[in-house]
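This note is offered to a colleague who meets the structure for the first time. The points below are numbered so that each may be checked against the model in turn.

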Amino acid sequence: MAFQDRSNALQALEAEFQAERASSLRKLETRLEALLGELAQVELQLKSRAGKDRRAQLARHQDLRKEAEHQRWCFMVQREACGFVNHDDLDRYYPLPPPWRE
């Protein structure tokens, strides 16, 4: 009887861990999507900006890209923790835009 109780407790704990991993994965995905969307908006604005405003937008783009790169790495690590080791989908669905060059 004690073995069965422990087994059930371990199963419940494992289910809780899985739920937490999935929740964390979704939060990272949402954050990455938001950053990539912001980057796309900044890139559109860069096409029509000049002077000081353009330099500010370039700096914003660099900062956002750096943060998106970090979030993408965090997302990849969390995917691996959930058992997803093939990252081809990550490259296809969440491509990181290249650095903006002047």
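1. Helices, in this note, are DSSP runs (H or I) of at least four residues, numbered from the N terminus. Under that definition, Arg60 belongs to helix H2. The model under discussion is a predicted one. Arg60 has a relative accessible area of 37% and is therefore partly exposed.

2. Helix H2 comprises the 31 residues 51-81. What span should those residues have at 1.5 Å a residue? The expected value is 45 Å, and the C-alpha atoms at the two ends of helix H2 are 45 Å apart, so expectation and model agree. Just after helix H2 comes Gly83, whose phi is positive, at about 100 degrees.

3. The buried residues of helix H2 deserve attention for their variety. Nonpolar side chains are represented by residues including Leu58, Leu64 and Phe75. The list also holds several arginines, among them Arg54, Arg65 and Arg79. Gln57, His61, Gln71 and Gln78 are buried as well. Residues are called buried here when their relative accessible area is under 20%.

4. Helix H1 covers residues 2-46, and Leu10 is found in it. Leu10 is exposed, because its relative accessible area is 57% and the exposed class begins over 50%. Together with Leu13 and Phe17, Leu10 makes a nonpolar surface patch of about 300 Å². Glu20 is also in helix H1, and its relative accessible area of 52% makes Glu20 exposed.

5. Two separations relate these residues to others along the chain. Between Leu10 and Arg60 there are 47 Å in space, C-alpha to C-alpha, with the two residues 50 apart in sequence. Glu20 and Lys52 are 32 residues apart along the chain, and 45 Å separates their C-alpha atoms.

6. The structure holds one aromatic pair. How are the rings of Phe75 and Tyr94 arranged? Their centres are 5.6 Å apart and their planes stand at 80 degrees, so the arrangement is edge-to-face. Phe75 belongs to helix H2, whereas Tyr94 is in the segment after helix H3 (88-93); the pair thus links distant parts of the chain, 19 residues apart. Both Phe75 and Tyr94 are buried.

7. A search of the whole structure finds six salt bridges. In general, side chains of opposite charge can pair when their charged atoms come close. One of the six joins Asp91 to Arg72, with an N to O distance of 2.4 Å. Because Asp91 lies in helix H3 and Arg72 in helix H2, this pair ties together parts that are 19 residues apart in sequence. The partners differ in accessibility: Asp91, at 45%, is partly exposed, while Arg72, at 16%, is buried.

8. Another salt bridge joins the side chains of Asp89 and Arg92, at 2.3 Å from N to O. Both residues lie in helix H3, three residues apart, which is about one turn of the helix. An α-helix has 3.6 residues a turn, so residues three or four places apart point the same way. Asp89 is partly exposed, at 34% relative accessibility, whereas Arg92, at 52%, is exposed.

9. A further salt bridge is formed by Glu14 and Arg21, whose closest N and O atoms are 3.0 Å apart. Is each partner buried or exposed, or in between? Glu14 has a relative accessible area of 40% and counts as partly exposed. Arg21 falls into the partly exposed class too, at 23%.

10. The structure holds zero disulfides. Why does Cys74 form none? The closest cysteine sulfur to that of Cys74 belongs to Cys82 and is 13 Å away, too far for a bond, given that a disulfide requires sulfur atoms within 2.5 Å. Seen from Cys82, the closest cysteine sulfur is likewise that of Cys74. Cys82 itself is partly exposed, at 22% relative accessibility.

Methods
Residues are numbered from 1 along each chain as its sequence is written. This is a predicted model: local features need pLDDT of at least 70, side-chain atom pairs count only at pLDDT 80 or more; totals for chains, interfaces and linings use all residues. Side-chain values use heavy atoms; hydrogens and water are left out. The expected span of a helix is 1.5 Å times one less than its number of residues. Buried means under 20% relative accessible area, exposed over 50%, partly exposed in between (1.4 Å probe, protein chains only). Patches are made of residues with over 30% relative accessible area and no salt bridge: like charges are joined within 9 Å, nonpolar side chains (Val, Leu, Ile, Met, Phe, Trp, Tyr) within 5 Å. Accessible areas come from the Shrake-Rupley method with a 1.4 Å probe; for residues, only the protein chains shown count as cover. A salt bridge is a side-chain nitrogen of Lys or Arg within 4 Å of a carboxyl oxygen of Asp or Glu. Rings of Phe, Tyr and Trp (its six-membered ring) pair if their centres lie within 6.5 Å; planes under 30 degrees apart count as stacked, over 60 as edge-to-face and the rest as tilted.
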